[in-house]
Amino acid sequence: MKVGIVGAGITGLALTHYLAKQGIESVTFEADDEPGGVIRSRTVDGHVIEPGPQRMRKTPGVVELAEKAGIAEEIIEANEGELYVYANGELGEAPITKRQFFTTDLLSVRGKARMLAEPLTKPGSPQETVEEVFVRKFGREAYEHFIGPLYGGIYGSDPAEMPAAFALESLLEREKETKSLLRAFLQRVNQGHTAAPMSFTDGNQQLPNALTEAYDDRIELSTPVKAIHADDRYVIETPNGSEAFDRIVITADAKATAEMLSPLEADGLASGLDGLRDLRYNPLAQVFLQADHDYPGKGYQVGYNEDLHTLGSSWNENMFDRDGAQTVFLGGMHEPEIVEESDDTLAEIAREEFEAVVGCEATVIDVARLKPGFPAWDTSWWALEDLELPDGVTLATNYTARMGVPSRVKEARELAEQFAQQATADDSQQETAVAATT
Ligand SMILES: Cc1cc2nc3c(=O)[nH]c(=O)nc-3n(C[C@H](O)[C@H](O)[C@H](O)COP(=O)(O)OP(=O)(O)OC[C@H]3O[C@@H](n4cnc5c(N)ncnc54)[C@H](O)[C@@H]3O)c2cc1C
């Protein structure tokens, strides 16, 4: 079996590794001249900044990749630390643990009592939006002050636009066992917390860079896939020529995926690609600041009723000892147009608001914009129900499955295991056929 992989973000690179481990031939095509996809790290004026994810979790899969890439020694682990929410004009600890719940000022006594009544409410339904589920189960105060901002912040999205059917799918499944969405959520958070947040000395992109070096015979950078069509096998077309494969795995963003699959659509082998073309992404800008403040913890999200443009901030100085580096996020579904403002305007907004929230002076290091942005997981996801691809073409993406780096790595491992089983089955079928003809 020979597998063609589109994209050398973390999914494509993890798949490259796991296929090599299974002894399966593969080629990974990456449009960009550097690997990592949305994982980007830069050093500006001596500061390591992250114009993409700020951290990942130290799961066995991530550690395995770091070991293979020879950079396990470069892992920096962060303390779990508090997460804050800016609500009612001040920063308060997000009530994730029991102690935080009972001591937090983010909720009134009535708001806490309403949250505790959650087991008496009906289970969440896939027909509801995420906002409807959260407000009905936990009350509007808890939703607006921290649940909405924390949850929506993961996607830069608005929970009012997110169908629970997609965005809460696994949590609703878990709720059936735990009989409480809160218990289901805490179980997931606590499981996640067993793996510490981590990065690398030179930032997150050190992992994709080192993996690409380790597998340079399997990865082609600066090689955009223009089209995929079907012959006896699947053929990938790039500016360098055509190459045939038995299986194709696409990890690219939705629009790029629709574009390269158009020949299969024209031949009637794929349908529903308009769902991919119209899938919504939330634009995002990041402003990197230098500031030294006294709060412990990872950062904050901004509550819904505050008069700020800022969505939230990640305190990379606290987490990774990054010489005062802090990241401020702007845009998302709440204010997509702000991302079009000039660098100077974004920098000023972020700096002023950070100083007001955290109460210390800040200076601007850099500004970045994320393209195409975060998959929004909103109502445009319904159209994916009509997507049909031929056997042998698989999407392994952060818009068809969970977004976090550990989940991307896990999906790649499972896919490689599945291919290895298929390869064994194909081999034994061939042997049987040969035996029958001799
Ligand atoms: C701002 C931000 C913050 C995040 N924060 C966290 C976090 O704190 N923790 C966490 O675990 N996760 C976080 N995530 C999620 C996680 O980083 C991503 O879901 C994950 O890195 C996506 O990896 P991927 O390989 O699936 O896709 P991508 O990184 O999008 O990679 C796809 C690759 O395909 C390539 N490509 C596109 N078109 C073509 C073509 N025609 N031919 C060849 N190649 C092509 C692209 O260039 C790209 O390299 C965050 C994401 C973002 C955007």
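Two strands count as paired if DSSP finds at least two bridges between them. The model shown in these views is predicted.

**Figure 1. Strand 12 and strand 13 form a hairpin.** Strand 12 covers residues 234–238 and strand 13 covers residues 241–245. The two strands run antiparallel and are joined by five bridges. Two residues lie between strand 12 and strand 13 in the hairpin. One pair to find in this view is V235 and A244 of strand 13, which stand opposite each other. In a regular strand, side chains point to one face of the sheet and then the other, in alternation.

**Figure 2. Five strands make an open sheet with parallel pairing.** Read across the sheet, the strand order is 10-2-1-14-20. Why is one side of strand 10 and of strand 20 left without a neighbour in the sheet? Strand 10 (219–220) and strand 20 (393–395) stand at the edges and each has a single partner strand, so one side of each has no neighbour there. Further in, strand 1 (residues 2–6) pairs with strand 14 (residues 247–250) in the parallel sense, over four bridges. V6 can be used to locate this pairing, as V6 stands opposite I250 in strand 14.

**Figure 3. An open sheet of three strands has antiparallel pairing.** The strand order is 5-9-6. Strand 5 (56–57) and strand 6 (75–77) are at the edges with a single partner strand each, so one side of each is without a neighbour in the sheet. Three bridges join strand 6 to strand 9 (residues 197–200), and this pairing is antiparallel. For E77, the bridge partner in strand 9 is M198.

**Figure 4. The ligand has 30 residues around it.** Of these, T11, E30, V225, M403 and V405 come nearest. Sorted by class, the shell around the ligand holds 18 nonpolar, nine polar and three charged residues. Helix 1 (10–21), helix 11 (254–266), strand 19 (363–375) and helix 15 (405–437) supply at least two shell residues each. Which of the helices gives the most to the shell? Helix 15 does, with three residues.

**Figure 5. T11, V38 and R55 each place a polar atom by the ligand.** For T11, a polar side-chain atom is 2.5 Å from an oxygen atom of the ligand. In V38 the polar atom belongs to the backbone, and it lies 2.9 Å from an oxygen atom of the ligand. R55 also uses a polar backbone atom, which is 3.0 Å from a nitrogen atom of the ligand. On its own the ligand has 1000 Å² of accessible area, and the protein covers 86% of that area.

**Figure 6. The ligand lies between domain 1 and domain 3.** The domain assignment gives domain 1 (2–74 + 200–279 + 379–433), domain 2 (83–193) and domain 3 (281–375). Domain 1 and domain 3 both give residues to the shell around the ligand, so the ligand is placed between them. Their C-alpha centres lie 30 Å apart. Where domain 1 and domain 3 touch, 21 residues of domain 1 are in contact with 21 residues of domain 3.

**Figure 7. P372 and D45 are two places to inspect the backbone.** Most peptide bonds are trans, and most residues other than glycine have a negative phi. The peptide bond from K371 to P372 is cis, with omega near -5°. P372 is located in strand 19. D45 has a positive phi, near 50°, and is not a glycine. D45 sits in the loop between strand 3 (42–44) and strand 4 (47–49).

Terms used: Residues numbered from 1 in each chain as written. Predicted model: local features only at pLDDT ≥ 70, side-chain atom pairs only at ≥ 80, totals over all residues. Heavy atoms only, no water. Near = heavy atom within 4 Å. Polar contact = N/O pair within 3.5 Å; in protein donor to acceptor, adjacent residues only side chain to side chain. Areas by Shrake-Rupley, 256 points an atom, 1.4 Å probe, with all protein chains shown as cover. Nonpolar A, V, L, I, M, F, W, Y, C, P; charged D, E, K, R; others polar. Domains from an automatic or database assignment. Contact = heavy atoms within 4.5 Å.
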